[in-house]
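Reader: Please give me a close look at the salt bridges. Tell me where the partners sit and how covered they are. Then set them against the rest of the chain.

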Amino acid sequence: MDKELKYTRNIGIMAHIDAGKTTTTERILFYTGRTHRIGEVHDGNAQMDWMIQEQERGITITSAATTTFWKYRDEEYKINIIDTPGHVDFTVEVERSLRVLDGAIAVFCAVGGVEPQSETVWRQAEKYGVPKIAFVNKMDRPGADFFSVVQQIRERLGSNAVPIQIPMGSEENFTGVIDLVENKAVVWYEDDTLGTRYELEEIPEELREEAAEWRTKLIESVAEADDTLLERYFEDPDSITTDDMLSVLRRSVINGIAVPVLCGASFKNKGIQRLLDAVVSFLPSPVDIGGVKGLNPKNDEQEIREPLTSEPFSSLAFKIATDPFVGRLAFLRVYSGVLKAGDTVLNMRTGKRERINRLFQMHANKQNPKESISAGDICAAVGFKDLKTGDTLCAINKPIVLESMDFPEPVIGIAIEPKTQADIDKLSVALGKLAEEDPTFQVKTDPDSGQTVINGMGELHLEILVDRLKREFKVECNQGRPQVAYKEAITSVVKHREVFKKQTGGRGKFADISFEIMPADDGFKGLQFIDEVKGGNIPREYIPSVEKGFRLAMANGPLAGFPVDSLKVVLKDGSYHPVDSDSLSFEIAAKQAFRHSAGKAVPVLLEPIMKAEVVTPEEYVGDVVSDFNKRRGKVEGMESKAGARVIRAKVPLAENFGYVTVLRTLTSGRATSTMEFSHYEEVPAELGKKIIESIKGKF
């Protein structure tokens, strides 16, 4: 194996909004010597939140990448860090980062515990099998409760949370942590406000019993993964060394059996050095993760590329960004081989070659030029013509297709137009660049009104995009009211025969198809096309054109032109003309057939339903619940947490525009809410009629 790779860590920091991800990252950069002063989110000078919009709002919007180094047990480790956003509207940034990372730090607030977006990012990490360690931050805050958060990680996330530290005091009395692996107290100097110096001391008398109890629990949960350790522990508990614990814990983390939990207070500069030690101790290197799986396009067989420089080059583009100085940057995770500046590689999506002019190691939005990047590393490249998020780049003579990423569909849209005629071209260029960067942002032109409609994941998402148009691309826009991205579905079975004939001078057009149209099977997305034509009544080569016609027609549903999300078509029979029939005739026939048959299949309107969670003081619970009821919401559960009530509900997006403002008014600004897309559901019939009439009334 390539020696250096053992000492490389590709990690992400993920959490709910406001749990302290960016503050934690800033401390990591300071203690590893990457920066010489600590950046603060609330002062607007955090290194990783480099966008103006991030600094103004104090939130992370884009996942920033940086490379830093940390010395642990006389070895220097290279750590590539990606700081991801916590706001649900930017969930795509988390998704694409986790796809290429080897490990993650999940940050939790010691007061808020496991919050809704913590659950979302945790599920995303589970989906990609990313090993995790947990860091309970904000131990200095009033109401901080480390053990309650550990319990929530176990119950809500179904995870085997194993504390490897317990706090010494909490709130303003939080002075340090007890390291259960080394069985020592780690105390930070009170006079050192930067937190650079700490001492390992004996555990104070009053905490020894509690520390011994938690150390026993740690050894027991670690020993589950290693029987010999358990036997030794029962024979002689003192025989278990720190190294024994570390190696078994590391194996458990990499195999997804355990999640070590640490604690600290990033803002008060406590706990970060030990968190870095845990990153290099427990999270995997590219070598531990092993080879990446992909498909060989020549024979459709699975291939594995090991993380070696001697293997053929393969990489995944996980993010596209526009930089004002160097142009379009592609963030690449290199899985095998070596990429040199000036190399030509193959893009498997387009089948075209791309020349990589320059390579950079990133530090937030600053670039350090590099001559080459090797397997297991993350870099940014410049010089490509056509590259999208999720594209595989590989060696020309050894093609491979790596698994891409799934992105959620946008649920909300607004119509925009430039304020001046002169900005029309600038707007389309700018929207094109933003859509390249963000797969959950879509631009469409409304066929009836000719308006440009931008679609995204939520109100904040679109607000930031319009703001970026103004600041980065100097395009001022007028914007319409938010629109819900409805969909349509059919609910019954219809048999139909469509004959398409067109006779002009010379050769005509002819196609004849007989089929059944019905709702798709459960869980099926898109077009479920079944060919049951017998005896060559429709020649084989025309069948794909019928399928294509139906697929294209699904973009405009029969009720109000919204897309039909899923559909089943069973092609039964048909006929053709030896001279007049061709592929295009059958495609047009299928499009017309959809228009004529879908309207008879009892079509319904579907609307996006959001999963909402509101944390409110007890006295406002009644007001919040009755407001949900007015919005056609269904309250699904309530629980008490840290002196407040948590209300969970499902609410239609259409009823929820501007909800944050209403909630502030209802609760005198004391409640907080989060919302994320849950699923699509049928709109009640009467309301559906009104929506369709209002849409048709516009044109």
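Author: Start with the cut-offs. A residue is buried under 20% relative accessible area, exposed over 50%, and partly exposed in between. Keep in mind that this is a predicted model.

Take a pair within one helix. Lys-689 forms a salt bridge with Glu-686. Their closest N and O atoms are 3.6 Å apart. The limit for a salt bridge is 4 Å, so this pair qualifies. Both residues lie in helix α17, which covers residues 685-697. They are three residues apart, about one turn of the helix. Now apply the cut-offs. Lys-689 has a relative accessible area of 49%, so it is partly exposed. Glu-686 has 56%, so it is exposed. The two values fall on opposite sides of the 50% cut-off, which means that the partners get different labels.

Next, a pair with a buried partner. The side chains of Lys-132 and Glu-126 meet in a salt bridge, 2.8 Å from N to O. Lys-132 has 7% relative accessibility, under the 20% cut-off, so it counts as buried. Glu-126 has 48% and therefore counts as partly exposed. This bridge joins a buried lysine to a partly exposed glutamate.

Now a pair that reaches across the chain. Arg-73 and Asp-243 meet through their side chains in a salt bridge, again 2.8 Å from N to O. The pair links distant parts of the chain, 170 residues apart. Arg-73 is in the loop between β2 (64-72) and β3 (75-83). Asp-243 is in helix α8, residues 242-254. Arg-73 is partly exposed, at 48% relative accessible area. Asp-243 is partly exposed too, at 45%.

There is also a network. Salt bridges link Arg-156, Glu-613, Glu-639 and Arg-648. The count for the model comes to 40 salt bridges. Side chains of opposite charge can pair when their charged atoms come close.

Stay with α8, the helix that holds Asp-243. It has 13 residues, which should span 18 Å at 1.5 Å a residue. Its end C-alpha atoms are 18 Å apart, so the model agrees with that expectation. Asp-243 is partly exposed, but the next residue, Asp-244, is buried. The other buried residues of α8 are Met-245, Leu-246, Val-248, Leu-249, Arg-250, Ser-252 and Val-253. Look at Ser-252 in this helix. Its relative accessibility is 3%, so it counts as buried. Leaving out residues up to four places away in sequence, Ser-252 touches Ala-225, Ile-257 and Ala-258. After α8 comes Gly-256, whose phi is positive, near 75°.

Compare a lysine in another helix. Lys-548 is found in α13, residues 543-553. It has a relative accessible area of 43%, so it is partly exposed. Its C-alpha atom is 9.8 Å from that of Phe-529, with the two residues 19 apart along the chain.

Strands offer another kind of link. One open sheet has three strands in the order β13-β12-β24, with antiparallel pairing. The edges are β13 (301-305) and β24 (401-402). Each has a single partner strand, so one side of each is left without a neighbour in the sheet. Five bridges join β12 (residues 292-296) to β13. Asn-296 stands opposite Glu-301 in β13.

Now the whole chain. It has 17 helices and 38 strands. Of its 699 residues, 55% are buried. Its accessible surface comes to about 30700 Å², and 49% of that belongs to carbon and sulfur atoms. Take the contacts with a separation of 6 or more: residues 24 or more positions apart account for 71% of them.

Finally, confidence. The average pLDDT of the chain is 84, and 90% of the residues score at least 70. Residues 36-63 are the stretch to watch, as pLDDT stays under 50 there. The model still has 93 contacts for that stretch beyond four places in sequence. Where pLDDT is low, the predicted coordinates should not be read in detail.

Note on methods:
Residues are numbered from 1 along each chain as its sequence is written. This is a predicted model: local features need pLDDT of at least 70, side-chain atom pairs count only at pLDDT 80 or more; totals for chains, interfaces and linings use all residues. Side-chain values use heavy atoms; hydrogens and water are left out. Helices (H or I, at least four residues) and strands (E, at least two) are DSSP runs, numbered from the N terminus. Buried means under 20% relative accessible area, exposed over 50%, partly exposed in between (1.4 Å probe, protein chains only). Contact means heavy atoms within 4.5 Å. Accessible areas come from the Shrake-Rupley method with a 1.4 Å probe; for residues, only the protein chains shown count as cover. Two strands pair if DSSP finds at least two bridges between them. pLDDT is the predictor's confidence in each residue, from 0 to 100. The expected span of a helix is 1.5 Å times one less than its number of residues.
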